[in-house]
Amino acid sequence: QDMFFRLTIDVFCEVAFGIQLNSVEMVETHDFVKAFDEVQFYCEKRFGNPFWRFGKLFGSPGERKIKNGVKLLNSFAETVINTKRRDAENGKNLGPDLISRFLDESKSKNETVSNKELRDIVMNFIIAGRDTTACALSWSIYELNRNPKVLEEVLNELQKNSSRENLASSSSLPYLHAVVCEVLRLHPSVPKQVKFAVKNDVFPDGTSIHAGMGVIYSSYALNRNPSIWEEPLSFKPER
C-alpha cells in the first residue's frame, strides 16, 4: 500500500506540477509528501473534536502540524509556479502539466491568473485523486489475491486485449471494469460523504432539507446493505 501511495503522489505531481518527485525510488519520505499526509491526517481529526478551534488558537500539537504543513505545501507550489512563469516569460515551451496549461490559456486570452488560483486548482486535484486512487489500487490487489478465479479471468482478458488502444479503453476490458466497480462497491475510496444544501429540497422519502443543512451519508454502508445487494459481502464482478 505504501508503494501505491508513493506511485500516485508521483503521478499526480507530474500531471499537476510537471515535476518528478521520484518518491517510489526514495528511502525517506519526500518533505512535500510528508506534509501532504500530515495536513490531511490532522484535518480529519478535527471532525471528532468540537473544540479544535481552541487548539488552533492556542497552538495544539496537531494544529501546529497543520500550520507548518500548509506553509511547506504553499511554498513548494509557489516555487514551482514561479519557475513556470519565468519559463513562459523567457519563451520556453511549457509542458502538458496543469499549471502550464492554465498559464498558456490565460496568456492566449490575455487574462491574469494568480499564483493562489493556480495553487488551489492543482492542490485540489492532488487531494481529490492521489489517496483515492492509491486506496482503490490497494483494495484491488487485495481482492484479486483473495479471488484467484477472478484474477485468472482478468489476466485472460488482458492477454486478449494487450494493444495500447485496448488497454486505454475500459470498453475493451469489460470484466476488468466490472472488477474495479466491485472493488469500489465493497471498499469505496471515500466511505462517507458530506453535502450541504444550497437551497430547500425534499428527499424521495419526504424528508425536508433546508438550505444550509449538512447531510452526511455512508457509501460504505449503502454498498453493503442487503436490502440493496444480494450477498453484499461477496466479491462478484459479474453482478
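Okay, let's start at the N terminus and read along: the elements go α-α-α-α-α-α-α-α-α-β-β-β-β-α. In total that's 10 helices and four strands. Keep in mind that this is a predicted model. Put a box along the principal axes and the C-alpha atoms fill roughly 55 × 50 × 40 Å. The protein has 239 residues, and 30% of them are buried. As for contacts, take those with a separation of 6 or more: 56% of them join residues 24 or more positions apart.

Right, on to the inside. Which residues have the most contacts inside the largest nonpolar core? They're Phe17, Phe32, Ile99 and Ile126, in a core of 24 residues. The elements that put two or more residues into this core are α1 (2-17), α2 (31-45), α4 (61-89), α5 (98-108) and α6 (115-146). Have a look at Phe32 in particular. Leaving aside residues up to four places away in sequence, Phe32 touches Ile9, Cys13, Phe17, Leu21, Leu72, Leu73, Phe76, Met123 and Ile126. There's also a second, separate core, with eight residues, including Tyr175, Val179, Val183 and Leu186.

Let me stay with α1 for a minute. Does its length add up, you may wonder? Well, α1 has 16 residues, and at 1.5 Å a residue it should span 22 Å; the end C-alpha atoms are 22 Å apart, so the two agree. Its buried residues are Phe5, Arg6, Thr8, Ile9, Asp10, Phe12, Cys13, Ala16 and Phe17. If you're looking at the spacing in that list, remember that an α-helix has 3.6 residues a turn, so residues three or four places apart point the same way. And what covers the buried residues of α1? The cover includes α2, α4, α5 and α6. Just after α1 you reach Gly18, with a positive phi of about 75°.

Carry on into the loop between α1 and α2 and you find Asn22. This one has a phi near 55°, which is positive, in a residue other than glycine. Most residues other than glycine have a negative phi, so it's worth a look. Asn22 counts as partly exposed, at 34% relative accessibility. Glu231 is another one to click on: not a glycine, yet its phi is positive, at about 45°. You'll find Glu231 in the segment after α10 (219-222), and with a relative accessible area of 47% it is partly exposed.

Next, helix packing, and here α6 is the one to follow. Its axis and that of α7 (residues 148-160) come within 5 Å and cross at roughly 110°, which makes the two helices roughly perpendicular. On the α6 side the contact is made by Leu144, Asn145 and Arg146, and on the α7 side by Pro148, Val150, Leu151 and Val154. Then there's α9 (residues 174-186), which packs on α6 at an angle of about 105°, with the axes 9 Å apart. So α6 and α9 are roughly perpendicular to each other as well. Here Ala136, Trp139, Ser140, Glu143 and Leu144 of α6 meet Val179, Val183, Leu184 and Leu186 of α9. Two of those names, Val179 and Val183, came up a moment ago in the second core.

Cysteines, quickly. How many disulfides does a search of the whole structure find? Zero. Take Cys13: the nearest cysteine sulfur belongs to Cys135 and is 17 Å away, while a disulfide needs the sulfurs within 2.5 Å. Cys13 is buried, with a relative accessible area of 0%. Cys181 is in no disulfide either, and its nearest cysteine sulfur, that of Cys135, is 17 Å away. Cys181 is partly exposed, though, at 42% relative accessible area.

Last stop, two residues for orientation. Gly62 sits in helix α4 and counts as buried at 16% relative accessibility. From Gly62 to Met3 you go 59 residues in sequence, and 26 Å in space, C-alpha to C-alpha. And Arg101, in helix α5: is it buried or exposed? Exposed, with a relative accessible area of 52%. Between the C-alpha atoms of Arg101 and Pro61 there are 38 Å, with the two 40 residues apart along the chain.

How values were computed
Residues numbered from 1 in each chain as written. Predicted model: local features only at pLDDT ≥ 70, side-chain atom pairs only at ≥ 80, totals over all residues. Heavy atoms only, no water. Buried < 20%, exposed > 50% of the residue type's maximum accessible area, 1.4 Å probe, protein only. Core = buried A, V, L, I, M, F, W, Y, C linked by side-chain atoms within 4.5 Å. Contact = heavy atoms within 4.5 Å. Expected span 1.5 Å × (residues − 1). Axes fitted to C-alpha atoms, helices over the stretch in contact; angles between N-to-C directions. Parallel < 35°, antiparallel > 145°, perpendicular 65-115°, else oblique.
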